[in-house]
Amino acid sequence: MGASATPGTFDRRVFLASTAGLLAAPWLSRRLPARGSRTRLILLGTAGGPRPKRDNAAPSQVVIANEVPYVVDCGNGVARQLVLAGVSLQQLRHVLLTHHHSDHNADYGNLLLLAWSSGLRTRVDTWGPPPIARMTSQFLELNAYDIETRIADEGRVPLAPLVHVHEMAGPGVVLQDDNVKVTSALVDHPPVRPAFAYRFDAADRSIVISGDTAPSDNLVRLARGADVLVHEALYLPAVDRLVARVPNASTLRAHIIGSHTSAEDCGRVAAAAGVRTLVLSHLVPPDDPEVTEQMWVDAARPHFAGEIIVGRDLMEI
Ligand SMILES: [Zn+2]
Ligand SMILES: [Zn+2]
């Protein structure tokens with residue numbers, strides 16, 4: 001991918017170079033599925049930040065390729081969101097975490113445990129940055145009482161042997177199977193390192209999930225020519241109203257601005273990468289009645305001519 005290990009500042013040259021490439025735009029002719037159904041993308045939760053919210057779930061999405069689900073991030077409530085999306089927990093197969101902030105991993109272990117207690121009896125592979133291996137083993141230990149009770153009481157198979165953890169320190173090809181090729185890039189989300197974005201290449205479409213990041217050249221390269229880019233998005237005028245609610249407002253504001261991406265820059269990244277559709281998700285703020293859907297679109301629109309979708313929970317794209 002040519003992804004650099006050094007999270008860099010956003011390079012305007014990348015924009016210009018790829019804007020020129022738009023003229024060719026070979027990805028505008030959508031390829032047909034080789035087999036099976038269309039690769040699906042369902043946004044499970046679209047609200048940025050760990051604070052539980054009344055109307056929006058925490059960040060998570062699932063790519064379903066040839067009926068196999070690949071869950072990306074496990075914000076609070078991900079198991080329930082999968083159920084609401086009609087995805088069988090017994091079929092859980094791959095779980096990928098972008099980084100270790102609680103809005104992305106709070107229910108990582110819970111998803112495994114609750115899928116298992118819903119009847120999962122088959123292998124699950126999980127992928128993410130360190131210390132995902134230790135988190136997994138300690139989660140299983142934390143819940144040993146329930147697990148052992150259900151094995152004895154309900155005849156379930158042991159959970160630990162089903163879970164295969166892959167700890168990834170750097171970017172590259174994550175996995176490749178009959179359904180998809182998944183590739184990661186390092187993105188820029190200080191102070192959390194590493195933080196990854198993931199790209200899914202299926203027979204019929206390509207989907208990129210940004211994870212949390214400031215505007216990232218690595219992400220532009222990863223997303224080049226993709227059909228869909230799901231990008232985290234910040235509505236800048238509302239940030240001050242948002243941080244006013246916490247005691248350390250100035251520190252939080254600096255963190256938010258320095259490690260996330262405004263809706264305007266989401267448009268720039270999407271244009272630079274030459275994607276077909278930009279999906280704004282991990283919305284901050286997600287639930288400010290003064291920030292309408294049209295305002296999100298209007299922020300990104302001057303910078304990106306393609307389709308712009310404002311993500312909502314359980315939306316399928
Ligand atoms: Zn986040
Ligand atoms: Zn984060």
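Let's start with Leu 219: setting aside neighbours within four places in sequence, this residue is in contact with Val 187, Ala 197, Val 208, Ser 210, Thr 213, Leu 229, His 231 and Val 269. Keep in mind that this is a predicted model. Leu 219 is also among the residues with the most contacts inside the largest nonpolar core. Here's the rest of the picture, topic by topic.

**The nonpolar cores**

- The largest nonpolar core has 33 residues, and Leu 229, Val 275, Leu 278, Leu 280 and Trp 296 join Leu 219 on the list of those with the most contacts inside it.
- Six elements give two or more residues to this core: helices H7 (217-222), H10 (263-273) and H11 (293-300), plus strands E11 (228-234), E12 (277-284) and E13 (307-310).
- H10 chips in the largest share of this core, with 7 residues.
- There's also a second, separate core of 30 residues, and Leu 97, Leu 112, Ala 115 and Ile 147 are included in it.
- As a bit of background, nonpolar side chains in soluble globular proteins tend to be buried together.

**The zinc site**

- Four residues of the protein act as donors to the zinc ion (ligand 1): Asp 103 (OD), His 104 (NE2), Asp 212 (OD) and His 282 (NE2), at 2.1 to 2.2 Å from the ion.
- Along the chain, these donors follow the spacing D-H-x107-D-x69-H.
- Why is the arrangement around the zinc ion (ligand 1) irregular? The 4 donor atoms subtend angles of 89 to 161 degrees, whereas a tetrahedral label would need all angles to lie between 85 and 135 degrees.
- Asp 212 does double duty, coordinating both the zinc ion (ligand 1) and the zinc ion (ligand 2), which are 3.5 Å apart.
- Are Asp 103 and His 104 buried or exposed? Asp 103 is buried because its relative accessible area is 6%, under the 20% cut-off; His 104 is buried too, with 2%.

**The largest pocket**

- About 460 Å³ of space lies in the largest pocket.
- The pocket is lined by 19 residues, and the closest to its centre are Gly 48, Gly 49, Pro 50, Leu 252 and Ile 256.
- Helix H3 (102-105), helix H9 (249-259) and E12 each give two or more residues to the lining.
- H9 gives the most, with 3 residues.

**The chain as a whole**

- You'll find 11 helices and 13 strands in the protein chain.
- Of its 317 residues, 54% count as buried.
- Among contacts between residues at least 6 apart in sequence, 70% join residues at least 24 apart.

Note on methods:
Residues are numbered from 1 along each chain as its sequence is written. Chains are lettered from A and ligands numbered from 1 in the order in which they are written. This is a predicted model: local features need pLDDT of at least 70, side-chain atom pairs count only at pLDDT 80 or more; totals for chains, interfaces and linings use all residues. Side-chain values use heavy atoms; hydrogens and water are left out. Donors are N, O and S atoms within 2.8 Å of the metal (3.2 Å for Na, K and Ca); water is not among the atoms, so sites may look incomplete. Four donors count as tetrahedral if all angles lie between 85 and 135 degrees; four count as square planar and six as octahedral if opposite donors are over 155 degrees apart and all others between 65 and 115; anything else is irregular. Buried means under 20% relative accessible area, exposed over 50%, partly exposed in between (1.4 Å probe, protein chains only). A nonpolar core is a set of buried Ala, Val, Leu, Ile, Met, Phe, Trp, Tyr and Cys residues joined through side-chain atoms within 4.5 Å. Helices (H or I, at least four residues) and strands (E, at least two) are DSSP runs, numbered from the N terminus. Contact means heavy atoms within 4.5 Å. On a 1 Å grid over the protein atoms alone, a cavity is a set of points where a 1.4 Å probe fits but cannot get out, and a pocket is an open set with protein on both sides within 12 Å along at least five of seven lines; lining residues have an atom within 4 Å of a point. Grid points are joined across faces, edges and corners, and a volume is the space filled by probe spheres set on the points.
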